[in-house]
Amino acid sequence: MTTTKIADEAVTTAKIAANSVTTPKIADNAVNSAKIANATITQDDLAPNSVGNAQLQTKVFFAKVQYNAANPVILAGSPGVSSQGEGALAFPRIGFPQSMANCAITATTSAAAGTSIVRHSSQSGGTVVQLAVQDGANAGVRENFSIIGIC
């Protein structure tokens with residue numbers, strides 16, 4: 001049977017068996033953006049660097065953290081953001097659902113003036129970010145904070 005013997009619109013989705021159209025059966029360059037329904041492909045469906053310089057969706061992760069003991073507690077946050085304990089006093093670690101290596105990270109305390117947070121990159125890597133929390137005299141302290149990562 002050839003395509004000239006099949007009436008227009010005769011083959012519908014309901015008439016195609018599940019898993020019968022496989023990659024080897026699709027001609028090169030046969031699928032283009034006009035043939036893909038809007039919002040059906042996400043960034044997670046794409047291989048790394050497969051889209052060239054196209055703008056992909058920005059991901060934002062956040063957490064409000066209670067940090068008054070050795071194990072920080074996530075009070076509220078994005079799915080997948082978790083406490084990873086602390087490297088030492090005043091060095092809380094926060095885990096993210098993806099590598100944060102090329103992301104912007106910022107964190108602020110809810111403490112009095114002078115308390116600050118800086119990213120401690122020597123112990124940060126992959127999905128875990130370690131922060132350094134310091135008071136106005138640069139001494140390490142445990143203090144509640146909020147963190148945001150933008151990728």
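## Exercises on a predicted all-strand chain

Leaving aside neighbours within four places in sequence, I26 is in contact with V21 and V31. The model in which this is seen is a predicted one, and the exercises below start from this residue.

**Exercise 1.** Work out where I26 lies in the chain, and decide whether I26 is buried, partly exposed or exposed.

*Solution.* Begin with the position: I26 belongs to the segment that comes before β1. Next take the relative accessible area, which is 36% for I26. Since buried means under 20% and exposed means over 50%, with partly exposed in between, the value of 36% makes I26 partly exposed. To complete the picture, recall that V21 and V31 are its contacts once neighbours within four places in sequence are set aside.

**Exercise 2.** Determine how many helices and strands the chain holds, and write down the pattern they follow along the sequence.

*Solution.* Counting the elements gives 0 helices and 8 strands. Reading along the sequence, one therefore obtains the pattern β-β-β-β-β-β-β-β.

**Exercise 3.** Find the order of the strands in the open sheet, and explain why β2 and β5 each have one side without a neighbour there.

*Solution.* The open sheet is formed by 4 strands, which follow the order β2-β1-β8-β5 with antiparallel pairing. β2 (73–77) and β5 (104–109) stand at the edges, and because each has a single partner strand, one side of each is left without a neighbour in the sheet. From one strand to the next, the twist averages 25°. As background, the strands of a sheet pair through backbone hydrogen bonds, in either a parallel or an antiparallel way. Within this sheet, β1 (residues 60–66) and β8 (residues 145–150) pair in the antiparallel sense over 6 bridges, and K64 can be found opposite S146 in β8.

**Exercise 4.** Establish which strand holds Q130, whether Q130 is buried or exposed, and which side chain joins that of Q130 in a polar contact.

*Solution.* Locate Q130 in strand β7, which covers residues 128–134. The relative accessibility of Q130 is 2%, so Q130 counts as buried. Its side chain is joined to the side chain of R93 by a polar contact of 2.5 Å.

**Exercise 5.** Describe the chain as a whole through its burial, its contacts and its accessible surface.

*Solution.* Start with burial: 19% of the 151 residues count as buried. Turn then to contacts between residues at least 6 apart in sequence, of which 52% join residues at least 24 apart. Finally, the accessible surface comes to about 10400 Å², and 52% of that surface belongs to carbon and sulfur atoms.

Note on methods. Residues are numbered from 1 along each chain as its sequence is written. This is a predicted model: local features need pLDDT of at least 70, side-chain atom pairs count only at pLDDT 80 or more; totals for chains, interfaces and linings use all residues. Side-chain values use heavy atoms; hydrogens and water are left out. Two strands pair if DSSP finds at least two bridges between them. Helices (H or I, at least four residues) and strands (E, at least two) are DSSP runs, numbered from the N terminus. Axes are lines fitted to C-alpha atoms, for helices over the stretch in contact, and angles run from 0 to 180 degrees between N-to-C directions. Buried means under 20% relative accessible area, exposed over 50%, partly exposed in between (1.4 Å probe, protein chains only). Contact means heavy atoms within 4.5 Å. Accessible areas come from the Shrake-Rupley method with a 1.4 Å probe; for residues, only the protein chains shown count as cover. A polar contact is a pair of N or O atoms within 3.5 Å; within protein, one must be able to donate a hydrogen and the other to accept it, and residues adjacent in sequence count only if both atoms are side-chain atoms.
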